[in-house]
Each structure stands twice: as C-alpha cells, then as structure tokens.
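Please go through the model shown here. Read the report beside it.

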Amino acid sequence: MDIDSLRSFLAIVDTGSFTRAAAQIHRTQSAISMQIKRLEEELGSPLFDREKRPLSLSFAGQRLVSHARRLIAGHDEALEAFKREDTSRPIRIGCPDDYAESLLPDFISTLRSRIGEQTFDVLCASSTRLRQRLDSGELDMAILTRSPDSDEGWLLKHDKGVWVCGSDTSLLHRRPLPIALFDKNCKFHSTALDGLGKFGIEVDLVAFTTSASTLHGLARENLAISAMAASSVPLDLQLIDSGSLPPLPAVDIVVVTASRSHPLITPSVISQISQAFLVQEQSHMHIA
C-alpha cells in the first residue's frame, strides 16, 4: 500500500473531512479522493460510508486505521535513519521560468536563512511539468501557480495576468495582432487566445515558449505583444492598459513539497517562509 495514500486516509480519519484533510496536508481534495479510490481498489472494499453525515468509516476502514498507523510509523522511522545521513545533498527545486528572476532568488535567500548554506539544483519548467516531477520524486519542492480557489501548497503571493508590449504601441492596432505566449501548459496561453477570439481579434501567433526571456525579447524588439504574470514583467516593457484586449486571470503562487522531500524541507520551515512572503506582500500593498 502506498504510504502517501495511507497518510491521506489517516488525515481524513483524524479531521473527519476530506476538505479539512486536504488543507492539513496541503494537497487538493481531488488528489486525496484519487488516493482513497486507489486504496479501496487495492483492498477491494470501501473505506468510508459516504452516505452518512458526519463522514464515518466502513468496517474495512476501521480495520485499516491501526495497520496504517503502524505502517507509517515504521516507514518514518526507517526513513529518518537514512535522512540523518543525507542532509548535505542539493535541494532539488522547480520553478516556472517567468518567476525564476523575480521571485526565486528571494525564496532561496529566505530558505537559506532558515536552513543554512545549502546548494540548490534548480529546474525551470511549466507548473504542469513540475507537478509531474514532484509526483515522480525528481524534485523536493516546486514553486507553482494555482487557481485562487485551490488549496494546493503554501501560498507565497497573489498575482494576475497582464498584457505587455515594447516601445511601439502601434503594434496593438495591427491585424492580425502579433502575439507571443508561454506554452500551452500556461493558463495565460489558452485564456489569451480564447479571449482574443471572443473579441473578434485575428491573431498572428509569432511564438510560444517555456522561456520568459524569449517573450521579453520578442516584446522588447516590438515583434509581438505578450501575456504574462504581473510580477514577472521587466522594467523596460510597458503594461497595456486597454479595454480593447480581454482580461487575463488571477493566479496564486504557491510552494509545494514532494511527499518524500529533502530532510531539511519540513512543513514548519515552509510554513514560516509562506508567512514571511505574505507579510512582505501586505507591506507592499500598504506602500502602494
């Protein structure tokens, strides 16, 4: 049986709710539901009586509780013995390319102030691909974007999509409209194209890429306008304040840890960093 699924099962047992369990272990409710489904398929029995309120355990669920606690305790004891010898390895962290310059350095600085002078092995990719790397155990943690209505991870910052261009604002009136976007895994990609289509604006998609510097360069050279997160816009690009372009969605920037993370990456440390970033964001809002 999968240890992470057993942890999710016990979180539901201890909180009495799928929703509260998801918030406690910083996973989405849908992810926890899938874990419970896999456990039930493996055991051949339902673990909860979903028709009763409040949520109650089935007979199989009651039997599993004590086994799950022993399995997790034994797993954690063995893992801790090895972790004590493994704190010197680099911390593998993922980050979308558009936040690699604007947010990641501050995050690493804040983390090192709490855990010491660790080395970081950084991978830049889309949030979708980084989630896959987390699930496969190739990353210890990742900075990701999520929808504002999601409970995934620890919140670092609220952000929103904006349209940007270089010095030649006449580009906005060209038809078809030349645009450059992040790749199809980025939420701004589909939203921008769908919105422009609804506005009846014909599009010349000059390029799509995972590289923020490529988008910045294309906009800087007046080859295209672009859509990106507000906090990742370089100072030499202009925000397009125009009702003629469709609005872009709000997003939250969060940090998510792998189920088997680096021994120094504990929930307590990540929670402290989340709070530090949120306090910083609030102070900037007051100044603005």
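The report below moves from the overall chain to ring pairs, salt bridges, cysteines and a few local features.

**Overall chain**

This is a predicted model. The protein chain contains nine helices and 11 strands. Its C-alpha trace spans about 70 × 50 × 35 Å along the principal axes. Of the 288 residues in the protein chain, 44% are buried. Long-range contacts are well represented in the count: among contacts between residues at least 6 apart in sequence, 76% join residues at least 24 apart. The protein chain exposes about 15,000 Å². Carbon and sulfur atoms supply 51% of that area.

**Aromatic pairs**

The structure holds three aromatic pairs. One of them joins Phe9 and Phe48, with ring centres 5.7 Å apart and planes at 55°, so this pair is tilted. Phe9 sits in helix α1 (residues 3-15) and Phe48 in strand β1 (residues 48-49). The two are 39 residues apart, and the pair links distant parts of the chain. Phe9 is buried, at a relative accessible area of 0%. Phe48 is also buried, at 6% relative accessibility.

Phe48 has a further partner in Phe18. The ring centres of Phe18 and Phe48 are 5.7 Å apart and their planes stand at 65°, so the pair is edge-to-face. Phe18 lies in helix α2 (residues 18-25) and Phe48 in strand β1, so the pair ties together parts that are 30 residues apart in sequence. Both Phe18 and Phe48 are buried. Phe9, Phe18 and Phe48 form one aromatic cluster.

**Salt bridges**

Side chains of opposite charge can pair when their charged atoms come close. The structure holds 10 salt bridges. The table gives three of them, with N to O distances.

| Salt bridge | N to O distance |
|---|---|
| Arg92 and Asp140 | 3.0 Å |
| Glu152 and Arg131 | 2.8 Å |
| Arg220 and Asp236 | 2.4 Å |

Take the salt bridge of Arg92 and Asp140. Arg92 is in strand β3 (residues 91-95), and Asp140 is in the loop between α6 (127-135) and β5 (141-146). They are 48 residues apart. Arg92 is partly exposed, with a relative accessible area of 22%. Asp140 is buried at 0%.

Next comes the salt bridge between Glu152 and Arg131. Glu152 is in the loop between β5 and β6, while Arg131 is in helix α6. This pair links distant parts of the chain, 21 residues apart. Glu152 counts as buried at 11% relative accessibility. Arg131 is partly exposed at 25%.

The salt bridge of Arg220 and Asp236 follows. Arg220 lies in helix α8 and Asp236 in the loop between β9 and β10 (238-239), so the pair ties together parts that are 16 residues apart in sequence. Arg220 is partly exposed, with a relative accessible area of 35%. Asp236 is partly exposed too, at 43%. Elsewhere, salt bridges that share partners join Arg89, Arg92 and Asp140 into one network.

**Cysteines**

Why do Cys95 and Cys124 not form a bond? A disulfide needs a pair of cysteine sulfur atoms within 2.5 Å. The closest cysteine sulfur to that of Cys95 is in Cys124, at 5.7 Å, which is too far for a bond. The count therefore comes to zero disulfides under the 2.5 Å cut-off. Cys95 is buried, with a relative accessible area of 0%. Cys124 counts as partly exposed, at 36% relative accessibility.

**Local features**

Gln35 belongs to helix α3 (residues 29-43). Is Gln35 buried or exposed? Gln35 is buried, with a relative accessible area of 13%. Beyond its neighbours within four places in sequence, Gln35 contacts Asp2, Asp4, Ser5 and Ser8.

Met1, Leu43 and Leu71 make up a nonpolar surface patch, with about 250 Å² of accessible area together. Met1 is in the segment before α1. Met1 is partly exposed, with a relative accessible area of 41%.

Two backbone features close the report. Most residues other than glycine have a negative phi, and most peptide bonds are trans. The peptide bond from Arg175 to Pro176 is cis, with omega near 0°. Pro176 lies in the loop between β6 (154-165) and β7 (177-182). Asn222 is not a glycine, yet has a positive phi of about 60°. Asn222 is in the loop between α8 (212-220) and β9 (225-229).

Terms used
Residues numbered from 1 in each chain as written. Predicted model: local features only at pLDDT ≥ 70, side-chain atom pairs only at ≥ 80, totals over all residues. Heavy atoms only, no water. Buried < 20%, exposed > 50% of the residue type's maximum accessible area, 1.4 Å probe, protein only. Helix = DSSP H or I, 4+ residues; strand = E, 2+ residues; numbered from the N terminus. Contact = heavy atoms within 4.5 Å. Phe/Tyr/Trp six-rings, centres within 6.5 Å; stacked < 30°, edge-to-face > 60°. Patch = residues over 30% accessible without salt bridge, like charges linked within 9 Å, V, L, I, M, F, W, Y side chains within 5 Å. Areas by Shrake-Rupley, 256 points an atom, 1.4 Å probe, with all protein chains shown as cover. Salt bridge = Lys/Arg side-chain N within 4 Å of Asp/Glu carboxyl O.
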